Amino acid sequence: MLVFKDDNEKKVFNDIKTQLPDIIKTKCQNYDEFYGHKLIRGGNGSEYYNEDIANKLIHKLCKAYQFNETEIRQKIIKILNWRKDFNPLSAGFLEQHGEEFEKIGILTKNEANEANKKTITWNLYGQIKDKSKIFGNGKAEKFIRYRIGLMERGINLLDFDNDDDDNCYMTQIHDYKGVSLIFGMNSEMKSSIKEIVSIFQEYYPESLYAKYFVNVPNILGWIYDIIIKFIDKKTSEKFVVLSNGNKLGNYIKNCPQKDYGGTDKKTLKEQALQKVRPTDYGLFLLQQQSTQEID
Ligand code: HEM
């Protein structure tokens, strides 16, 4: 159910919903997909429109920008144009990113977990032994597409059609186990992190519930201090840093017992989802792109 604090919020939501077809037509190159779903009725792929889901996503956008109508309009234009140009659906479901990236990213979904901790993206960044393979010259762009691809697959595991709100945000975990204590940050690594963080902040509103950084050696606290400078307060309030990975079970009860101190006997690798399917509309758009490319 959509919750409005007052009549003004409801009015802003209704105004945005009414204006969306025109905004999308005149300012967004006709691109009407957000988080895998169709935001407006009619047009190409009209059979994929689901009003409940569209309402939920429009409500998310309103909430993200505190129901400020002008700001919501501007952000929608930015987000949809970015989605059209960057093509995160392709990064998530079509592109092959290479084994060196894939082995550090895991997605899990556990219905038994607490609300909005059911869908989890795990980033095993401590396993990066050779920084140059990920952040070396010219690699950064590939890494960014991989990371956004993982984000998109995570978004696809969320439920926007349920009445309850218990799986419409995701949780993310960074595991720095194994990280070298003399890990320096080269400029390419710093700028990649900065870019990913800014893409998440700008283009993935209301998607993150909580973010845990585990197995963080105290001696690397300076990295946190550098990165936190370019994170907005609304995002950083969701961060929890744990030097001991086994404490994660205090926050996510059913996470793997092994390494993370939860109750689930399955290891993280055993829990990892092998394949995530795009939404029907996402698949339709991807198929259309490949037909256009062949034409
Ligand atoms: C092994 C060295 C590290 C690597 C390769 C690494 C990698 C990354 C990457 C790629 C991101 C972009 C956001 C994402 O992928 O979700 C990121 C974000 C971040 N990292 Fe690390 N990191 C390292 C060490 C650390 C350490 C030691 C800390 C201390 C807690 C830290 C804290 C953060 C924070 C706070 C963010 C921002 C997250 C966000 O805005 O979503 N990182 N890191």
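1. Let's start with the surroundings of Asn 81. Leaving aside residues up to four places away in sequence, Asn 81 touches Lys 27, Cys 28 and Gln 29. One of these neighbours also meets it through a polar contact: the side chains of Asn 81 and Gln 29 come to 2.8 Å. Asn 81 belongs to helix α3, residues 69–86. Its relative accessible area is 17%, so Asn 81 counts as buried, the limit being under 20%. Please keep in mind here and below that this is a predicted model.

2. Next, the iron atom of the ligand. Which residue is its only protein donor? That is Tyr 176, through its OH, at 2.1 Å. Tyr 176 is placed in the loop between β5 (170–175) and α8 (187–203).

3. The aromatic residues deserve a good look, as the whole structure holds 22 aromatic pairs. Take Tyr 35 and Tyr 204: with ring centres 6.0 Å apart and planes at 10°, the pair is stacked. Tyr 35 sits in the loop between β1 (33–34) and β2 (37–38), and Tyr 204 in the loop between α8 and β6 (208–214), so this pair ties together parts 169 residues apart in sequence. Both partners are hidden from solvent by the numbers: Tyr 35 is buried at 1% relative accessibility, and Tyr 204 is buried at 3%.

4. Tyr 204 has a further ring partner in Phe 200. Here the centres are 6.0 Å apart and the planes stand at 90°, so the pair is edge-to-face. Phe 200, like Tyr 204, is buried. You may enjoy viewing these rings together, since ring pairs link Phe 34, Tyr 35, Trp 82, Phe 86, Phe 160, Phe 200, Tyr 203 and Tyr 204 into a cluster.

5. Two rings also have a charge over them. The charged end of Arg 145 sits over the ring of Phe 86, at 4.3 Å from its centre; Phe 86 is one of the members of the cluster just described. Lys 60 lies over the face of Tyr 169, 3.6 Å from the ring centre.

6. Finally, helix α7, which covers residues 140–156. How does its span compare with what 17 residues should give? At 1.5 Å a residue the expected span is 24 Å, and the end C-alpha atoms are 24 Å apart, so the two agree. Of the 17 residues of α7, 15 are buried, which means that the helix is largely enclosed by the rest of the structure.

Notes
Residues are numbered from 1 along each chain as its sequence is written. This is a predicted model: local features need pLDDT of at least 70, side-chain atom pairs count only at pLDDT 80 or more; totals for chains, interfaces and linings use all residues. Side-chain values use heavy atoms; hydrogens and water are left out. Helices (H or I, at least four residues) and strands (E, at least two) are DSSP runs, numbered from the N terminus. The expected span of a helix is 1.5 Å times one less than its number of residues. Buried means under 20% relative accessible area, exposed over 50%, partly exposed in between (1.4 Å probe, protein chains only). Donors are N, O and S atoms within 2.8 Å of the metal (3.2 Å for Na, K and Ca); water is not among the atoms, so sites may look incomplete. Rings of Phe, Tyr and Trp (its six-membered ring) pair if their centres lie within 6.5 Å; planes under 30 degrees apart count as stacked, over 60 as edge-to-face and the rest as tilted. A charge sits over a ring if NZ of Lys or CZ of Arg is within 6 Å of the ring centre and within 35 degrees of the ring normal. A polar contact is a pair of N or O atoms within 3.5 Å; within protein, one must be able to donate a hydrogen and the other to accept it, and residues adjacent in sequence count only if both atoms are side-chain atoms. Contact means heavy atoms within 4.5 Å.
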